[in-house]
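Some labels need a reason behind them. The questions below ask for that reason and set each value against its cut-off.

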Amino acid sequence: MTSEAAAPALVELTAVNKHYGSLHVLQDINLQVKRGEVVVVIGPSGSGKSTLCRAINRLETIDDGEIRIDGKKLPAEGKELARLRADVGMVFQSFNLFAHKTILENVTLGPIKVKGLSKAEADRQAMELLERVGVGHQAQKLPAQLSGGQQQRVAIARALAMKPKVMLFDEPTSALDPEMINEVLDVMVGLAKDGMTMIVVTHEMGFARKAADRVVFMSDGQIIEDSQPEEFFTHPKSERAKDFLSKIL
Ligand code: ADP
Ligand code: MG
């Protein structure tokens, strides 16, 4: 959670715009996330939340504006992009694990290929992470042998294995059966407590209340509100946020 108030932003979006054809999906987005800060992004379906995440990770290009991670602008392509992209860990709604690789291999692949770790060192670090998310005993299994909640925890471990500076989560629990949601959220709360910088798209208000330093409300490609969780949930300022909250709470 937030520590040094005066520290420069770890993630900084300045006047970011993006269109899909005639759809202005990101409209003049300005967002700063400080080191150790946890920002929850909420908003109606189609408001641009996933596009925002993918833009931060350079899975999507932007039309104009600037995105900096730890002060560095992401290049459009090449080796430098792969290296800088490793600074941003991403966890999606669908776990996207490699189906034909073991849980352990899923976690070690990136560190070996991108970071050049030896297999032994990658295995050691991966086992530590798998223990941390509570699936160490599943290391030799294939993804399909695990529950959705376990697979999502592996996806978190896999992202952490790259030692990212910031973790992005795009609706990480919305594909899960209800009884598995908390086991994933608990891992995320733990990460937040350990000081990880996080941007989390979620409608899990319990998580937002417990772990978020700020809630950013998006609607129609714009950031409409950016406030403290309690403030946002009890006194949303805009009609759009009031309307949205009345539907999900
Ligand atoms: P959210 O995650 O908030 O639901 P998205 O970022 O996924 O919103 O989508 C925002 C808008 O952009 C939606 O109207 C969606 O249909 C549109 N969109 C998303 N991806 C594409 C794409 N690759 N091409 C065209 N339109 C897209
Ligand atoms: Mg989305």
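Q: Where does N96 lie in this predicted model?
A: N96 sits in the loop that runs between β6 (88-91) and α3 (103-113).

Q: Why is N96 called partly exposed?
A: Its relative accessible area is 42%. Buried means under 20% and exposed means over 50%. The 42% of N96 falls in between, so N96 is partly exposed.

Q: What makes the backbone of N96 worth a remark?
A: N96 has a positive phi of about 55°, although N96 is not a glycine.

Q: Which loop holds R58, and what is its phi?
A: R58 is in the loop between α1 and β4. Its phi is positive, about 65°, and R58 is not a glycine either.

Q: How do you know whether R58 is buried or partly exposed?
A: Compare its relative accessible area, 22%, with the cut-off. Buried requires under 20%. R58 has 22%, so it counts as partly exposed.

Q: What separates A82 from R58, in sequence and in space?
A: The two are 24 residues apart in sequence. Their C-alpha atoms are 9.9 Å apart.

Q: Where is A82, and why is it classed as partly exposed?
A: A82 belongs to helix α2 (residues 79-85). Its relative accessible area is 40%. That value lies between 20% and 50%, so A82 is partly exposed.

Q: Why is T202 called buried?
A: T202 has a relative accessible area of 3%. The cut-off for buried is under 20%, so T202 qualifies. T202 lies in the loop between β8 (197-201) and α7 (205-211).

Q: How far is T202 from K49?
A: Their C-alpha atoms are separated by 9.6 Å. Along the chain, T202 and K49 are 153 residues apart.

Q: Which residues surround ligand 1, K49 among them?
A: The residues around it are Y20, L23, V25, P44, S45, G46, S47, G48, K49, S50, T51 and R54. What puts a residue on this list is a heavy atom within 4 Å of the ligand.

Q: Which elements supply the shell around ligand 1?
A: β2 (23-34) and α1 (49-56) each supply at least two residues. The largest share, four residues, comes from α1.

Q: How do the shell residues divide by character?
A: Four are nonpolar, six are polar and two are charged. Gly counts as polar in this division.

Q: What makes the approach of T51 to ligand 1 a polar contact?
A: An N or O atom in the side chain of T51 is 2.5 Å from an oxygen atom of the ligand. The limit is 3.5 Å, so the pair counts. Backbone atoms meet the limit too: a polar backbone atom of G46 is 2.7 Å from a ligand oxygen, and one of G48 is 3.0 Å from a ligand oxygen.

Q: How much of ligand 1 does the protein bury?
A: The protein buries 60% of the 560 Å² that ligand 1 exposes when taken alone.

Q: Why are β2 and β5 (72-73) called edge strands?
A: Each of them pairs on one side only. The open sheet has four strands in the order β2-β1-β4-β5, with antiparallel pairing.

Q: How do you know that β4 and β5 pair?
A: Pairing takes at least two bridges. Strand β4 (residues 64-69) and β5 have two, in the antiparallel sense. In one of the bridges, R68 has K73 in β5 as its partner.

Q: What makes β9 and β10 a pair?
A: Strand β9 (residues 214-219) and strand β10 (residues 222-227) share five bridges, in the antiparallel sense. At least two are needed, so they pair. S219 stands opposite Q222 in β10. The two strands form a hairpin with two residues between them, and D220 in the turn has a positive phi of about 50°.

Q: Why is R214 called buried, and what does its side chain contact?
A: R214, in strand β9, has a relative accessible area of 13%. That is under 20%, so R214 is buried. Its side chain makes a polar contact with the side chain of D226, at 2.8 Å.

Q: Why is α5 described as largely enclosed?
A: 13 of its 13 residues are buried, so the rest of the structure largely encloses α5.

Q: How do you know that the length of α5 (residues 148-160) agrees with expectation?
A: At 1.5 Å a residue, its 13 residues should span 18 Å. The end C-alpha atoms are 18 Å apart, so the two values agree.

Terms used:
Residues are numbered from 1 along each chain as its sequence is written. Chains are lettered from A and ligands numbered from 1 in the order in which they are written. This is a predicted model: local features need pLDDT of at least 70, side-chain atom pairs count only at pLDDT 80 or more; totals for chains, interfaces and linings use all residues. Side-chain values use heavy atoms; hydrogens and water are left out. A polar contact is a pair of N or O atoms within 3.5 Å; within protein, one must be able to donate a hydrogen and the other to accept it, and residues adjacent in sequence count only if both atoms are side-chain atoms. Accessible areas come from the Shrake-Rupley method with a 1.4 Å probe; for residues, only the protein chains shown count as cover. The expected span of a helix is 1.5 Å times one less than its number of residues. Buried means under 20% relative accessible area, exposed over 50%, partly exposed in between (1.4 Å probe, protein chains only).
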